[in-house]
Protein chains: 2
Amino acid sequence: MAGVLAGMRVIEGSAFVAVPLAGMTLAQMGADVIRFDRPQGGLDAHRWPVTRDGTSLFWAGLNKGKRSLAVDMTQPAGQEIITDLICAPGPDAGMFLTNLRVRGWMDYPALQARREDLIMVSLTGTRRGEPAVDYTVNPSLGFPMATGAEGSTEPVAHVLPAWDCIAGGMVVNALLAAERHRLRTGRGQLAELALKDVASAMLANLGIVGEVLANGVDRPKAGNSLYGAYGQDFVLACGRRVMVIGLTDRQWRGLVKLLGLDQQVAHLGQRMALDLSKEGDRWLARKEITALFAPWFAARRLDEVGPLFDAAGLTWSIFRSFAEAVHQDPDLSPDNPMVSMIHQPGVGMLPVPGSPISFSDLERMGPAPAPVLGEHTEEILGDVLGLGSGQIGKLMDTGVVSQGIVPKRAA
Amino acid sequence: MAGVLAGMRVIEGSAFVAVPLAGMTLAQMGADVIRFDRPQGGLDAHRWPVTRDGTSLFWAGLNKGKRSLAVDMTQPAGQEIITDLICAPGPDAGMFLTNLRVRGWMDYPALQARREDLIMVSLTGTRRGEPAVDYTVNPSLGFPMATGAEGSTEPVAHVLPAWDCIAGGMVVNALLAAERHRLRTGRGQLAELALKDVASAMLANLGIVGEVLANGVDRPKAGNSLYGAYGQDFVLACGRRVMVIGLTDRQWRGLVKLLGLDQQVAHLGQRMALDLSKEGDRWLARKEITALFAPWFAARRLDEVGPLFDAAGLTWSIFRSFAEAVHQDPDLSPDNPMVSMIHQPGVGMLPVPGSPISFSDLERMGPAPAPVLGEHTEEILGDVLGLGSGQIGKLMDTGVVSQGIVPKRAA
């Protein structure tokens, strides 16, 4: 199957989340994405989670559908191979994504000397080139101090590497925008962004910078309450927990109606001198609303509540652990057209997602496994750089490149 | 200044985070993005945070640099205006982003009947079209049960609408990929994605689905520890808290060396029969490592620790509240070339970020304020649809469209 980006070739020198995710996003839309790593694997080769025998499920998850080249970048011949790949000719090539330190032979001026219209997207930690990861960016901007139980003073870090995931999307945005510009003008360029800047911009985009400066407010922790409107978690009679949302008028009116508490809500508004049809007033009365709603939930089981909420078209969900989600949620199984069972080398059969985007002019691309490190070394040197088997053999013998071996699939 | 997407025109019918963020991302790269809303404002017109007089800082943050059209979509003439805008001719037009329910006149077949090569990107809650928001998607997939203090059984929701921000990036990816396809083939298409699918895919991408199925592990809460390697928060003598990272070899060796604890770490590894040069073994020994490191931090102040960590090139940060970040972090101020002080109508002067991406072939675009609702109605009807002042006046008189009034800037 050909994806929407069929024909595009992108070279990726990366580790961890953001740039690998960017490359995978392109691969899952049909681009030929070649990730190069040193022969012993990149910095993320062993990143947790890992299987019991040490295969990285993280690496397998973030490098699906790419081709892998294992090359010794400390040798000039290895640097030459990478440069040749990045600067290979063709209107759909000459694109390079990286979060590596690219001083010297791999920086933009050095590469551009070999291909004038090169597009390169470089992600750094901070705008000053300092190291930064999700685990440091997040505390520096305040999110952990606003997360968790009301009244607590302990910071709570999020476990999703959210800034990395967001930055990965922006790396794709930058590449596609720069390629559009190159198609129109013939000009390549270096697009640069920093993980910290992506997060800093979002702090302002979400109105939090304005809240501090215009209102003098330092947002406190508010547990699982939906900020600025109504949304809350409730424990049911069966012990399961649900999240219910009253953000929009429609959601709020539907929720109150389903619970049969219209009169009580009206009285509460009068008593508190608030207009609970306004989202901000619902926020101010959230504790009183929750006290009013809680007995309804405490008296009902999930098998009763779920169908009622679904029938009313309300916005709600249950709380699950990761394992419960994987075992219970059909969206994570091949019931979802995004997901197929495929064999991941070193791991086994797994339900694996392709791109979340479906394009109506193209058949949906099924997911592809991640490569084994160096799986495509020989193929890439042959079909992209045009090297013969003698040349490739010599590069293997001198340790400039290495060829990964795909483990035999268990019967 | 012209951005990298100069000339592109995108129509946006949206509310809340993901699609508004997508439109803003395009606008901040130079596209002409027209957001249409009903005359009383969209579902997010009053979303918190708001200023004391009710202006939404959230709306202002997520709609910067767009043009705003206020139009009554319940009137056929209003539907006609929107259809004309979405289907306006030109190779750089005919692109529509939405997270609205698009049944009937605004669905893809109806619009495509007016412009054969239309590109439309539609974001829904779930793949079945059910409503979903970050606050419901997140609990359903397990993150809140893996977030917060070790041993706690209370779920902790994240306060960043992370899935929305990630989905917004994917909406941009989808649009730019589909436009690339149209340039090559002449064919438009409908690209569809669901917030829940974006999150479900990421659960697998990060290896969490594999961890459950291959390892039988349901990841427990682990406080602020960096999962699978070493990273921990420490309270200093001055009461400030820092996060320090020992994810890569380089980070770990640098950290141990700076603390002067090489011998003690070696002994700890021997005592526990672990190889602490391996990231996974550091995770298994994280509590013992933290106990070994804590006295060093407890004896030192931030003004001593910070310069030492910076000089050693380590990966670390301090914890701040939102207000501390805004007041103390130069990355959120015009010291950062991404940020400028601009006047936001109804709010005042604020440090406002533009795009986090800088493109070397173009001057960096400064940030633009968000429009007032309907600010550009007359201008859009004139310059895009070619209506004369008489026609526009009639549409105003009949309430089909309305023109927003920008409040006078306070002296």
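**Exercise 1. Which residue forms a salt bridge with R180(A), and how far apart are the closest N and O atoms?**

Keep in mind that this is a predicted model.

*Solution.*
- Start from R180(A) and look across to chain B: the partner is E179(B), with the closest N and O atoms 2.6 Å apart.
- Check that against the cut-off: a salt bridge needs a Lys or Arg side-chain nitrogen within 4 Å of a carboxyl oxygen of Asp or Glu, so the pair R180(A) and E179(B) qualifies at 2.6 Å.
- Now zoom out: the count between chain A and chain B is 22 salt bridges.
- As for which element of chain A does the touching, helix α6(A) (residues 162–185) gives the largest share of that side, 17 residues.

**Exercise 2. Work out how much area is buried between chain A and chain B, and what supplies it.**

*Solution.*
- Begin with the area: about 12,500 Å² is buried between the two chains, and carbon and sulfur atoms give 63% of that.
- Then pick out the top trio on chain A: W48(A), R180(A) and F322(A) supply 7% of what chain A buries against chain B, more than any other three residues.
- Next, count residues: 145 of chain A are in contact with 145 of chain B.
- Add the polar side of things: 62 residue pairs are in polar contact, both partners at pLDDT 80 or more.
- Finish with the classes: the side of chain A that touches chain B has 84 nonpolar, 34 polar and 27 charged residues.

**Exercise 3. Trace the eight-stranded sheet and say which strands stand at its edges.**

*Solution.*
- Write down the order: β13(A)-β3(A)-β2(A)-β1(A)-β4(A)-β5(A)-β6(A)-β12(B), an open sheet with mixed pairing.
- Read off the ends: β13 (401–402) of chain A and β12 (358–359) of chain B each have a single partner strand, so one side of each is left without a neighbour in the sheet.
- Try one pairing inside chain A: β5(A) (residues 119–124) and β6(A) (residues 189–194) run parallel over six bridges, with S122(A) opposite E192(A).
- Compare a pairing across the chains: β12(A) (residues 358–359) and β6(B) (residues 189–194) pair in the antiparallel sense over two bridges, and S358(A) stands opposite E192(B).

**Exercise 4. Is T377(B) buried or exposed, and what does its side chain reach?**

*Solution.*
- Locate T377(B) first: it sits in helix α15(B), residues 377–383.
- Look at the accessibility: T377(B) has a relative accessible area of 0%, and buried means under 20%, so T377(B) is buried.
- Follow the side chain of T377(B): it reaches the backbone oxygen of S402(B) at 2.7 Å.
- List the company: beyond neighbours within four places in sequence, T377(B) is in contact with residues including S68(B), L69(B), M396(B) and S402(B).

Key:
Residues numbered from 1 in each chain as written. Chains lettered and ligands numbered in written order. Predicted model: local features only at pLDDT ≥ 70, side-chain atom pairs only at ≥ 80, totals over all residues. Heavy atoms only, no water. Contact = heavy atoms within 4.5 Å. Buried area = accessible area lost by both parts, 1.4 Å probe. Polar contact = N/O pair within 3.5 Å; in protein donor to acceptor, adjacent residues only side chain to side chain. Helix = DSSP H or I, 4+ residues; strand = E, 2+ residues; numbered from the N terminus. Nonpolar A, V, L, I, M, F, W, Y, C, P; charged D, E, K, R; others polar. Pairing = 2+ DSSP bridges. Buried < 20%, exposed > 50% of the residue type's maximum accessible area, 1.4 Å probe, protein only.
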